[in-house]
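Okay, thanks for having me, everyone. I'll put the structure up and then walk you through the sheet, the core and a couple of individual residues.

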Amino acid sequence: MEYINALGRRKSAVARVYLSQEGTGKITINKKDLTEYFPSPILQYVVKQPLNLLNVAEKYDIKVNLDGGGFTGQSQALRLAIARALVKINPEDKKALKDQGFLTRDSRAVERKKPGRPKARARFQFSKR
């Protein structure tokens with residue numbers, strides 16, 4: 001059995017995906033089932049978007065190492081990693097995945113806090129007197 005591996009990042013979350021060439025559609029994240037790791041159906045949907053787009057949800061088994069970030073960032077990092085792995089298997093799928101935006105790394109991250117301010121852009125309340 002051959003594995004294809006890919007990496008996905010979002011905010012501070014990193015997803016390392018190992019996609020088996022033949023399987024039953026089982027997704028295991030940090031040794032837990034997908035429904036156990038992401039109880040929210042919205043996050044489960046986000047993770048499965050590239051698989052559902054190509055109609056290969058039941059074709060591959062996926063093992064994932066997820067690290068860092070929150071659950072939303074982790075699910076989006078996982079979506080990117082799965083899409084990259086699917087392109088490695090079949091390069092003809094790249095256009096369909098790219099058109100949906102699944103191959104684009106979302107580089108937005110939290111802006112750093114500036115000195116003399118309560119947050120990155122917020123200022124302390126000004127008092128004239």
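One bit of vocabulary before the hairpin: when I say strand, I mean a DSSP run of E, at least two residues long, and strands are numbered from the N terminus. With that in hand, look at the hairpin of β1 and β2: there are two residues between the strands, and K11 takes a positive phi near 55°. Right by that turn, R10 has A13 in β2 as its bridge partner. Overall, β1 and β2 pair in the antiparallel sense, over eight bridges.

I should say up front that this is a predicted model. The mean pLDDT of the chain is 93, with 99% of the residues at 70 or more. Going element by element, β2 comes out with the highest mean, 95, and helix α4, residues 94-100, with the lowest, 93.

Now the whole sheet. It's an open one with five strands, in the order β1-β2-β5-β3-β4, and the pairing is mixed. Who's at the edges? That's β1 and β4, and each has a single partner strand, so one side of each is left without a neighbour in the sheet. As for what covers the sheet, α3 packs on it and touches β1, β2, β3 and β5, with a direction that makes about 145° with that of β1.

Let's move to β5. On one side, β5 runs antiparallel to β2, and seven bridges join the two. One of the pairs there is V17 with V64. With β3, β5 pairs in the parallel sense, over three bridges. If you're looking for landmarks, I27 has I62 in β5 as its bridge partner, and T28 stands opposite K63.

Which way do the side chains of β5 point? They alternate: I62, V64 and L66 go to one face and are buried, while D61, K63, N65 and D67 go to the other and are not. β1 has two faces as well, a covered one with I4, A6, G8 and R10, and an uncovered one with Y3, N5, L7 and R9.

On to the core. In soluble globular proteins, nonpolar side chains tend to be buried together. Here the largest nonpolar core has 30 residues, and V17, L78 and L86 have the most contacts inside it. Several elements supply at least two residues each: β1, β2, β3, α2 (41-53), β5 and α3 (71-89). The largest share, eight residues, comes from α3. If you click on L78 and skip its neighbours within four places in sequence, you'll find A15, V17, I29, F38, V47, V64 and L66 in contact with it.

Last, two polar residues. S20 lies in strand β2. Is S20 buried or exposed? Its relative accessible area is 1%, and the cut-off for buried is under 20%, so S20 counts as buried. Its side chain reaches the backbone oxygen of E22 at 3.1 Å.

The other one is N5, over in β1. N5 has 44% relative accessibility, so it counts as partly exposed. Beyond four places in sequence, N5 is in contact with V17, Y18 and K88. And a nice one for the distance tool: N5 and L86 are 81 residues apart along the chain, yet their C-alpha atoms are separated by 9.7 Å.

That's my tour, so I'm happy to take questions.

Key. Residues numbered from 1 in each chain as written. Predicted model: local features only at pLDDT ≥ 70, side-chain atom pairs only at ≥ 80, totals over all residues. Heavy atoms only, no water. Core = buried A, V, L, I, M, F, W, Y, C linked by side-chain atoms within 4.5 Å. Buried < 20%, exposed > 50% of the residue type's maximum accessible area, 1.4 Å probe, protein only. Helix = DSSP H or I, 4+ residues; strand = E, 2+ residues; numbered from the N terminus. Contact = heavy atoms within 4.5 Å. pLDDT = per-residue confidence, 0-100. Polar contact = N/O pair within 3.5 Å; in protein donor to acceptor, adjacent residues only side chain to side chain. Pairing = 2+ DSSP bridges. Axes fitted to C-alpha atoms, helices over the stretch in contact; angles between N-to-C directions.
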